[in-house]
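Q: Hey, can you help me look through this protein model? I'm new to this and don't know where to begin.

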Amino acid sequence: GRALLVLLLSATVSLLGGLLFGYELGIISGALLQLQIDFHLSCFKQEVLVSSLLIGALLASLVGGILIDRHGRRRAILVSNLVLLVGSLILTLVRSFIGLVIGRMTVGFAISVSSMACCIYVSEMVAAHQRGLLVSLYEAGITVGILLSYALNYIFADVDEGWRYMFGLAIAPTAMQFLSILFLPVNPVKLSSWDSDCQKGLIQLQDTEDRAAAKREPYKEKHYSFLDLFRARDNMRRRTLVGLGLVLFQQFTGQPNVLGYASKIFHSVGFQSNSSAILASVGLGAIKVVATLVAMAFADKAGRRVLLMAGCVVMAISVTTIGLTSRIVPLAMARDCKAAGVPSASHSLTQHPLMPEMSPQPVVSPIPPALGALKSQAGPGFAATRSLTEVFDSSQSRKVVPDSFLTQKRDLVSQSTEETVRGTGPPFGGTPWMEHRVLNWITLLSMMAFVSAFSIGFGPMTWLVLSEIYPAGIRGRAFAFCNSFNWAANLLISLSFLDLIDAIGFSWMFLLYGLVGVMAVTFIYLFVPETKGQSLEEIDQQFSRKR
C-alpha cells in the first residue's frame with residue numbers, strides 16, 4: 001500500500017510540474033493581447049515582458065543545480081512552489097509594467113528549478129522498470145498545460161483585466177503539487193531493488209557480466225566538484241558530451257521554429273475561417289498529446305535509443321520534405337509588429353493568424369521572437385497552438401477598447417480578408433492549382449509528422465536520459481548545466497531565424513535542419529547508451545568502467 005501511494009504521489013508531482021511549466025509558457029500569448037492595450041505596451045516592452053520569463057529560467061539554470069544537489073530535490077521543488085506562488089500573486093495584483101516583468105522573471109525562475117528537480121526526484125524515487133513512464137509523464141503534463149492555458153485564454157478573452165485571472169489560476173496546481181510532495185520522503189526510497197526486479201523478470205539487463213560485476217562492487221555515492229564534469233574521472237567527460245549533444249541537437253533540428261509559420265501552411269491548405277483555424281491549432285496540440293502518450297508507453301519497452309533515433313529520422317525526413325515543397329510553392333514569411341495605440345497596431349496584433357501578411361519585407365513578429373525561445377521544453381506544439389488565442393481574441397471585441405478603435409480594427413481586418421481572398425487563386429502562373437494543393441497538403445502532413453516525432457523522441461527522452469546518466473552526487477548541477485545550454489541555444493535559434501531566412505532562404509533553412517537531423521541520428525547511434533531497465537546505480541557503474 002505504501003509503495004502504491006509513493007508511486008501515485010510521484011506521478012502526481014511529475015504531471016503537475018509539467019502542467020505548470022506548460023501553462024506558464026502558453027498563458028502569455030493570450031494575456032499579452034490584453035496587456036498591450038491595458039498598459040499601452042510598445043513592441044519593445046512586449047519583447048521585454050516575454051523575455052523576462054526566459055531570463056528568470058536562465059538564472060535558475062545557472063544556480064538551480066547547486067540548490068538541487070546541496071539541499072535536496074524535494075526541498076528544491078518545495079522552494080520552487082513557494083517562489084511560483086509569490087510570482088503568481090505579483091502578476092495577479094500588479095499595477096505597473098515593472099511589476100509584470102518582475103513577476104514573470106520570478107515565475108520563470110520557479111518553473112526552471114521545478115523542471116530540473118521534478119525529473120531528477122521522480123527518476124530516483126521509482127523502480128527502474130517504471131522510470132521511463134513517470135519521467136515522460138512530465139512532458140505529457142507540459143502538453144496538457146499548454147492546451148489548458150489556451151482554453152483559459154479563450155474563457156477570459158472578454159473579461160475586463162482577464163489577464164489577472166489567467167496568471168492567478170496557476171496558484172491552484174502549485175498548491176496541489178506542494179501538498180503532494182509533503183507526503184513523499186526526503187530521500188529516495190526504492191520501491192524494490194533492481195536485483196529483485198530482475199528476479200521478477202521486469203528488467204532485462206544488457207549484459208550478465210555487467211550485472212555480476214555490479215553486484216560484486218557495492219555502490220558507494222561519490223562526491224564531485226563542478227569541474228569534474230569535464231574530466232576523465234568516472235568517464236564524466238563522455239557523460240557531459242552525451243548530455244550537451246542531446247540538448248543542442250534537440251534545438252538545432254529546428255524545433256523552436258518549424259511551427260512558427262504553421263498558420264501560413266494552414267492558410268495555404270484552405271483553413272481560412274476562425275473555427276477551422278482553431279480546429280487546426282487544437283489538432284496539432286492533440287497530436288502532440290497522443291504522441292507523448294505513445295512515448296510514455298514505449299519508453300521502458302522499446303528503450304530510449306530506439307525512440308530517439310526513430311524520432312530523429314522522421315524529423316529529418318519531415319523538415320527536408322517541407323524544404324523541398326517550399327522551393328516549388330514558396331510561402332510568404334513576413335510578420336508584423338507595431339506599437340499599441342497606433343491604428344494599424346490593431347491590424348498587426350489581431351489579424352487572423354492564417355491570413356498571409358502583404359508586407360514586402362520581413363519584419364518583427366506580433367508575439368516577439370523571444371517567445372520562440374520559450375518553446376524549448378514545451379516542444380513544437382506550443383508554436384502551433386500559440387495562434388489559437390490570437391484567433392479567439394481577433395474574433396471578439398473588448399470592452400476596454402473604444403468603439404472607434406474597434407471600428408478601425410474591423411475595417412482593417414475586413415480589408416485584409418478581401419486581400420487574402422483575392423490572393424488565394426491559382427498562384428505562380430504556369431503550375432496547375434491542383435498540384436499546389438497537393439504539395440501544400442504534403443507540407444501540412446510533414447509538419448504533423450514532425451510534431452509526432454519530436455514528442456516521441458527528443459521531447460521526453462532527452463530529459464529522461466539526462467536524469468539517468470549522471471552520478472547522484474552531481475546530478476543536479478549536471479542537469480542544470482545542460483539545461484542552461486538548452487535555453488541559450490533555443491534563444492539563439494529563435495532570434496537568428498528571420499536573419500537566416502533573409503540570408504539563405506526558407507527552403508534552404510529547412511534543408512539545413514534536415515542535415516542536422518541526420519547528424520543527430522549518427523550522434524545518438526555512436527554516443528548515447530541504452531539505459532532502459534537498469535537502476536541508476538548500475539548505469540553509473542557501467543559508465544564508470546567503460547571508455
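A: Sure, let's go through the predicted model, starting with its overall make-up and confidence.

Q: How many helices and strands are there in the protein?
A: There are 22 helices and 0 strands.

Q: And what share of the residues counts as buried?
A: Of the 547 residues, 60% count as buried. The accessible surface comes to about 20,700 Å², and carbon and sulfur atoms make up 67% of that surface.

Q: What pLDDT does the protein average?
A: The average is 74, and 69% of the residues score at least 70.

Q: Which elements have the lowest and the highest mean pLDDT?
A: Helix α14, residues 345-350, has the lowest at 31. Helix α3, residues 73-93, has the highest at 94.

Q: Where else is the pLDDT below 50?
A: Residues 338-430 are below 50, and that stretch still has 221 contacts in the model beyond near neighbours in sequence. Residues 213-219 are below 50 as well, with 13 such contacts. Where pLDDT is low, the predicted coordinates shouldn't be read in detail.

Q: OK, new topic. How many aromatic pairs does a search of the whole structure find?
A: It finds 10. One pair is F21 and W487: the ring centres are 6.3 Å apart and the planes are at 35 degrees, so the pair is tilted.

Q: Where in the chain do F21 and W487 sit?
A: F21 is in helix α1, residues 2-38, and W487 is in helix α20, residues 475-504. They're 466 residues apart, so this pair links distant parts of the chain.

Q: Is F21 buried or exposed? And W487, buried or exposed?
A: F21 counts as buried because its relative accessibility is 0%, under the 20% cut-off. W487 is buried too, with a relative accessible area of 0%.

Q: What about F156 and Y165, what kind of pair do they form?
A: That pair is stacked, with 5.3 Å from centre to centre and 5 degrees between the planes. F156 counts as buried at 15% relative accessibility, while Y165 is partly exposed at 45%.

Q: Which residues form an aromatic cluster?
A: F39, W163 and F167 form one.

Q: Last one: what sits over the ring of F97?
A: The charged end of K45 does, 5.3 Å from the ring's centre.

Terms used
Residues numbered from 1 in each chain as written. Predicted model: local features only at pLDDT ≥ 70, side-chain atom pairs only at ≥ 80, totals over all residues. Heavy atoms only, no water. pLDDT = per-residue confidence, 0-100. Helix = DSSP H or I, 4+ residues; strand = E, 2+ residues; numbered from the N terminus. Contact = heavy atoms within 4.5 Å. Phe/Tyr/Trp six-rings, centres within 6.5 Å; stacked < 30°, edge-to-face > 60°. Buried < 20%, exposed > 50% of the residue type's maximum accessible area, 1.4 Å probe, protein only. Lys NZ or Arg CZ within 6 Å of the ring centre and 35° of its normal. Areas by Shrake-Rupley, 256 points an atom, 1.4 Å probe, with all protein chains shown as cover.
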